[in-house]
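Welcome! Here is a short tour of the structure shown below, taken a piece at a time.

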Amino acid sequence: MNISKEIFAVHIPNMEAFKMSPDEVTVFDWLLFKSAYYGHSDFYSTYEDISARLNINRHRLNVIVKRFKEAEIVSVSQGWSDKRKVTYFTLSYINLLERLPMFIKPDTEVFNRYVERISKYQQERINKISKPGTDEEAKAVQSVVNLIDRVFHEFNFAGVNCDLNETTEKMLNKLSKSYTLAEIQLAFVHFCEDIFYKRISPTHPIIYFAKVDKTTRKFEVVEHYLNKDK
Amino acid sequence: MENNKIENEAQVVDFDILNDIILRFDEYLFLSWLLYYYKLFYYSPFPYSMELLRSKLNIKRYRLRTIMKKFNDWGVLITSLEYSSNGTTRWFEMDYIALRDNLDKVMNKESKYFNDFIAHVEHLQVMKDSVNSGSYEYI
C-alpha cells in the first residue's frame, strides 16, 4: 500500500485538499475508481450497495449524485440486471478536468496529481475506442494486415518501413470499416507500384496510405489510388 | 476483492479497508484525522480550533459535535479547555487503550485488517510511552 500506515484507509493530507464534505469525497473517488476498473466505460450498481459499501446515508447519496449530475461530470440512467433494478453511471473525464477546481483546491499538489490521473484515464478511453474491440473487427484488421504483408512480399521492397504497430492497427481498423477488402487491395497495389517505380517515397508507407485528411475527413490517398484508372 | 490500492497518492480512500469499517464515513474520517495529528504532535495534547477543524474536514458544526461526543464517551478522545487572556484554547488528546478496546465498533472483527489495526494501535501506545518516559527509544 502506498499510503502511510498511520492513515489506514483514508489519506488525511489528500482529504484536506478537497473542498467537499467527506461523503462527497468518497463518492467522487469511488466513481473514479469504478470507472477505471471497468475499462472507462459505463458501470452499474445500486444505491443501496454504494451507500452500504461507503458507509454513507442512502438519501445523502441521492443528493450527492444529483449534485455531480448537475455539474455534468456523471450521467446516470436506470437499467435492469438479473431482475434487479440498477443504475448505470458514466463519467465524463473531459468535464471532470474542466470542473476540477470546483472539487479540489487548485493550488495544491493533490490537484495536479488528480489532473494527471484523469488525463491518463481520458487517454486510455480514447485508445480503447480506436482499437479493434470485437472479434469481427479484429478479423477484418487481420485480413488487411495479411493483404499488406502479401503485397509487400510480392513487390519485394528493400529498405521500406513495413512496421505494423498499435498506431497502424488503429488506422487499419478505421480503414477496414470504410472500404471492402477488394477496394483496399486495388488501391494498395497501385500505391505500391508508385513506390516501386520511385514516383513517391514515403517514410512510413502504411501510415501514409491509411491517413485520414483532417479537413475533408476522407482517406485521401486511398481515394486517389482507387480512382486512378477512371 | 479488486485491487484498489491508493495509486501515486492521487486517491483519498482505500475501498478495500473501508469495506470492513462499521463506522459512518465522517466518523471514521475524524478518527483517522485524530490518529494522524496526535502522532504528528508526538503523542502530547495538541491545541486545535473548531473552525479550523471544520474547514479542513468540511464537516458541519453540529455533526462534528456529535462525532466528538461519541469518541469522548468511548474515552478515545479527551478534550480539555484552557482559559487564558487570549481566549479559550481547545486541547485534544487520545487514549490508545480505549481505542483498542473499542475497535470492534470501528472495524468488523472478522476482517483481515483487524489484527493489523490492533497491532498498529498497540505499537502507537509503545511509541507514546517511550516519548513520555523521555527515553525516545523508538523515535
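How many bridges join β1(B) to strand β3 of chain B? In this predicted model, three bridges do so, with β3 covering residues 87–94 and the two strands running antiparallel.

## The sheet in chain B

Let's begin with the wider setting of that pair. Chain B has an open sheet of three strands, ordered β1-β3-β2, with antiparallel pairing. The edges are taken by β1 (46–48) and β2 (77–84) of chain B. Each of these has a single partner strand, so one side of each has no neighbour in the sheet. From one strand to the next, the twist averages 40°.

If you would like a residue pair to look for on your screen, try Phe46(B): its bridge partner in β3(B) is Phe92(B).

## A buried methionine

Next, have a look at Met107(B), which sits in the loop between α5 (96–101) and α6 (114–132) of chain B. Is Met107(B) buried or exposed? Its relative accessibility is 0%, and buried means under 20%, so Met107(B) counts as buried.

Which residues does Met107(B) touch, leaving out those up to four places away in sequence? From chain B, the list holds Ile17(B), Asp20(B), Ile21(B), Ile22(B), Tyr113(B), Phe114(B) and Phe117(B). Phe8(A) is on the list too, so to speak from across the chain boundary. One of these contacts, Asp20(B), lies 87 residues from Met107(B) along the chain, yet their C-alpha atoms are 5.7 Å apart.

## Where the two chains meet

Now for the interface itself. On the chain A side, 38 residues are in contact with 40 residues of chain B. Together the two chains bury about 3,800 Å², and 60% of that area is on carbon and sulfur atoms.

What about charged and polar pairs? The count between chain A and chain B is one salt bridge. Its partners are the side chains of Glu16(A) and Lys56(B), at 3.4 Å from N to O. Across the interface there are also 14 residue pairs in polar contact, with both residues at pLDDT 80 or more.

Several helices of chain A take part in the side that touches chain B: α1 (12–16), α2 (22–37), α3 (47–54) and α6 (109–130) each supply at least two residues. Which helix gives the most to that side of chain A? That is α2(A), with nine residues.

Terms used
Residues are numbered from 1 along each chain as its sequence is written. Chains are lettered from A and ligands numbered from 1 in the order in which they are written. This is a predicted model: local features need pLDDT of at least 70, side-chain atom pairs count only at pLDDT 80 or more; totals for chains, interfaces and linings use all residues. Side-chain values use heavy atoms; hydrogens and water are left out. Two strands pair if DSSP finds at least two bridges between them. Helices (H or I, at least four residues) and strands (E, at least two) are DSSP runs, numbered from the N terminus. Axes are lines fitted to C-alpha atoms, for helices over the stretch in contact, and angles run from 0 to 180 degrees between N-to-C directions. Buried means under 20% relative accessible area, exposed over 50%, partly exposed in between (1.4 Å probe, protein chains only). Contact means heavy atoms within 4.5 Å. Buried area is the accessible area (1.4 Å probe) that two parts lose on being put together, summed over both. A salt bridge is a side-chain nitrogen of Lys or Arg within 4 Å of a carboxyl oxygen of Asp or Glu. A polar contact is a pair of N or O atoms within 3.5 Å; within protein, one must be able to donate a hydrogen and the other to accept it, and residues adjacent in sequence count only if both atoms are side-chain atoms.
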